[in-house]
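Visitor: I am new to this structure. Please take me through one part of it closely.

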Amino acid sequence: MSSIDQVGTFSLGDRRVKRLGYGAMQLAGPGVFGPPKDRGAALAVLREAVARGVDHIDTSDFYGPHVTNQLIREALHPYRAGLTLVTKVGARRGADGSWIPAFSREELTQAVHDNLHNLGLEVLDVVNLRCMFSVHHPAEGSLEAPLRVLVDLQRQGLVRHIGLSNVTRAQVAEGRRICAIACVQNQYNLAHRGDDALIDELAREGIAYVPFFPLGGFTPLQSSTLSEVAARLGATPMQVALAWLLRRSPNILLIPGTSSVAHLRENLAAAELRLPDDVLQALDTVAGIASA
Ligand SMILES: NC(=O)c1ccc[n+]([C@@H]2O[C@H](COP(=O)([O-])OP(=O)(O)OC[C@H]3O[C@@H](n4cnc5c(N)ncnc54)[C@H](OP(=O)(O)O)[C@@H]3O)[C@@H](O)[C@H]2O)c1
């Protein structure tokens, strides 16, 4: 049994995945725009993740673009049975690395085909519709038209499950009226807790919540409380941040990102960390203080 088995599993559509997974975005290179910093190291991180029992990897064809998916294919194809790859569509990259909404029928269909091709798959396990009404934050706007396109692609057998990313509670409700939603992937961590109510709502409905930037993203979390707690527990601040998320709600699935095998091992070892109740209270004070 690998150590991440200790954190249990949660459903992702008709799959059950371990609650500690891996987010592959950082492998694409600086600014998530290829080429990767160190291609060999990127392949090693992916292989190490799977060797340590990770069965849920988050990606997108717009990381690179194409680079992250191509690395995943090179490192891991043919895929081990039970490995769930989750991707996203809804954006494309400009020549300068900018993030551009790509919600038309043609763009979404092309994105699904690009993901299939670059990952070497015949069907995508989970496709998140990444909302782009505002690039960096959830913003209102109807998801009906793009979701109908994904439902059509699902009917064609190209997509197994549909999820949502960077969305508001109203958009989750709208999405659930249109199709089954397997997961919601929004920004959330110890310091950035705007989705508290949504997480609890989704937990009651048995829907996975996948926080992106679980460690703070491009500016990893920093707080004296977090550092003090970590020192007291003989852990690292990043491990405490991950253990807190695992404790926060049973429907949370983690996809911490790293381009380093050492950080990957450290992050997966968070499965062994238990947070006492007084530590949880202390960590509550970090919300809104640490950089996120
Ligand atoms: N849906 C969306 O809009 C969206 C947006 C962003 C991300 N995502 C997904 O969410 C995943 C996670 O997000 P993320 O990777 O951007 O952010 P993250 O997991 O919060 O943090 C990654 C950053 O933390 C550093 N890091 C990781 N482990 C560390 C450790 N043990 N000690 C010190 N530093 C550490 C990484 O640097 P090193 O490489 O040096 O370790 C990297 O700079 C992504 O991989 C992607 O799949 C989705």
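Which residues does N251 touch, not counting residues up to four places away in sequence?

Guide: First, some ground rules. This is a predicted model: local features need pLDDT of at least 70, side-chain atom pairs count only at pLDDT 80 or more, and totals for chains, interfaces and linings use all residues. Residues are numbered from 1 along each chain as its sequence is written, and side-chain values use heavy atoms, with hydrogens and water left out.

Now to N251. It sits in the loop between α8 (237-248) and α9 (261-268). Helices here are DSSP runs of H or I, at least four residues, and strands are runs of E, at least two, numbered from the N terminus. N251 touches F10, I199, L202, A203, I207, A208 and Y209, not counting residues up to four places away in sequence. Contact means heavy atoms within 4.5 Å.

Is N251 buried or exposed? N251 counts as buried because its relative accessibility is 0%. The cut-offs are under 20% relative accessible area for buried, over 50% for exposed, and partly exposed in between (1.4 Å probe, protein chains only).

One of the residues it touches, I199, also offers a backbone oxygen. The side chain of N251 reaches that oxygen at 3.4 Å. A polar contact is a pair of N or O atoms within 3.5 Å; within protein, one must be able to donate a hydrogen and the other to accept it, and residues adjacent in sequence count only if both atoms are side-chain atoms.

So the picture of N251 is this: a loop residue, buried at 0% relative accessibility, with its side chain reaching the backbone of I199.
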